[in-house]
2 protein chains.
Amino acid sequence: MSTQAAADPLQRLLDRGGPAVGDALAAAEERLRTVVADAGVPLAPAAAETIAAGGKRLRPLLVVLAASAGGVLEGQHVVRAAVAVELVHSATLVHDDIVDGARLRRGRPTVVARHGRAAAVGTGDLLFSRAFAELAAGGEVEPLRILTRASRALAAGELMQREDAYRRDVSVERYLRRCELKTAALFEAACALGALPAGDDLAGGLALFARRIGLAFQLFDDVLDVAGGEEHTGKKAGADLRDGTVTLPLIIASERDGAVASVDLRELDGEASIAALCARIAATGALESSRERALGYVASAKEQLGTLLAPDRRVLLSLLADAVVERRS
Amino acid sequence: MSTQAAADPLQRLLDRGGPAVGDALAAAEERLRTVVADAGVPLAPAAAETIAAGGKRLRPLLVVLAASAGGVLEGQHVVRAAVAVELVHSATLVHDDIVDGARLRRGRPTVVARHGRAAAVGTGDLLFSRAFAELAAGGEVEPLRILTRASRALAAGELMQREDAYRRDVSVERYLRRCELKTAALFEAACALGALPAGDDLAGGLALFARRIGLAFQLFDDVLDVAGGEEHTGKKAGADLRDGTVTLPLIIASERDGAVASVDLRELDGEASIAALCARIAATGALESSRERALGYVASAKEQLGTLLAPDRRVLLSLLADAVVERRS
């Protein structure tokens, strides 16, 4: 598969990672399937479908690569942590889809679309609970501290996004704070959990790395939402604008173009007006500026690695940082 | 306040409990307020309102009384556990209200009614996360095991209720299983957490006591839903029937009256038809039969106490068992 590997940065990374990384990811995948199949409750299929639908498994990958960088890849803590972060991520997706009323996720019907709102609320709650249970089974409390901090941040980010919906006075700082909460915090937790047995210094340092990658990831996502990138995001261009979610491209474009600044997002009326606003945002150069900022975060993330790890230890995480850029730009 | 105390079984219990019980409950109440105020996020007010709206604090009380029975009432573990179980309970209320579209809870507007669905999803998630964080801060993993088990059960119970909605073939066994999941499991966790430092035997024994009390509590609730008890439940009579939730009174009545058995809950049409069905269920004696069963659980709960604790240690929990009956029948 080396020809494909060259085309796909994540695959290239896995090829470089060798069997230990692949084995850990496979074990996490196997365990994820068991956890949801074994839920022993009605509508467990909804949870199982959510997990089976896949996704990039970027957060488990971060756990595994952080553990690998710390030389602590062996052992159940890695699998537990990888499973727990993916379960939390999946729980938030299921709950987000209730809010957005999304019909499709990863090309499949969402839990809310297929089974209704009650099932989606319960499925998300169940996935959250399973995540914490997975770590509790490991017998250490510190991983639970790390994960609860992240899950609080995710919920806070979601609340912040809702509070700021349709507001045209959202500052760049506030936008970035929201990205930290709703995206970067779980990336951070993934790295901290993976590297934990290697010591607090490494775990803390890698958490900073992950925060920057997480910010970059969210910024690229928000750029794609305006630029149109259905093949990456699975969403139509302008989905954020439709929801009233104010992101960096819109904030920057509003500073540069009074007509963009004066748009009332509540009055966007159908696909044509959304497409027109996307085009107008793009015309200000706001997408390039947003991408530049994201690339800056990636660069500083990689610098952070340099202060923490010997070159041979940082290769994989460095490739992951590149992969975030390559898949998103 | 002794004249009031005589009228209110919970107050009578607190009077008997003495200052140590009162202090622990007050500390938990104080901490609950701090936790939600300190959430440091937008819409934290929604979480704070939910907590401030009160409720009976039955689950914190169970924690405190179990700790008292075990002679382990001193110390932060009791406060943490009391706070954590109430936060989990509050999280499920906020999420349940999304599903039911409930406008009022404890006489105040629900989070979903006041702030919308997104805020309610996020607020519930935040309260869940805070609950686990509260226990993680205690540095012991066993409490987290206990609470995650309960929160999984709650979510599973909610999913089960939804899966069984409108189904007329729900058996008594399945109904009871649902009650165990959605109500008794958290009562169980409360007692197990309170008694934990006193040893596994006591914690396990009290968990069984709590399961029975929890079942009784839910059965009385379901009787009140048919009998009409808005002053207790804050809901109109027949709310379960309106949601398609099949409870013990309906199951028993259906065995006794073919006309009840043949009702299609989806076709209930307005208040008059719901009131008529409630009356018809009552006419079969199903409410008395359900109450009898609940009283049986209370009696067996109290027997359970007798096998576990010396008489002077079981007084308060025994009063609590009585309070569940007195407030609900």
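**A buried alanine and a two-fold pair**

Let's start inside chain A of this predicted model. A131(A) is buried: 28 other C-beta atoms sit within 10 Å, and the cut-off for calling a residue buried is 20 or more. You'll find A131(A) in helix 7 of chain A, which covers residues 117-136.

Who are its partners? Leaving out residues up to four places away in sequence, A131(A) touches A84(A), L87(A), V88(A), A91(A) and L147(A). Take A91(A) as one of them: A131(A) and A91(A) are 40 residues apart in sequence, yet 9.1 Å separates their C-alpha atoms in space.

Now step back and look at both chains. A turn of 180 degrees with a shift of 0.0 Å along the axis lays chain B on chain A, with an RMSD of 0.0 Å. That is how a two-fold axis relates its copies. If you want to find the axis from chain B, look for V141(B), whose C-alpha comes closest of that chain's residues, at 2.6 Å.

So what does the contact itself look like? Chain B puts in 35 residues and chain A puts in 35 residues. On the chain B side, the elements giving two or more residues are helix 5 (76-100), helix 7 (117-136) and helix 8 (142-163). Helix 7 of chain B gives the most, with 14 residues. Sorted by class, the side of chain B that touches chain A has 19 nonpolar, seven polar and nine charged residues.

Finally, compare the two sides: 100% of the interface residues of chain B are also interface residues in chain A, so the copies meet through the same surface.

Terms used
Residues numbered from 1 in each chain as written. Chains lettered and ligands numbered in written order. Predicted model: local features only at pLDDT ≥ 70, side-chain atom pairs only at ≥ 80, totals over all residues. Contact = placed C-beta atoms within 7 Å. Helix = DSSP H or I, 4+ residues; strand = E, 2+ residues; numbered from the N terminus. Nonpolar A, V, L, I, M, F, W, Y, C, P; charged D, E, K, R; others polar. Buried ≥ 20, exposed ≤ 12 C-beta atoms within 10 Å, placed from the backbone. Least-squares fit on C-alpha atoms with pLDDT ≥ 70 in both.
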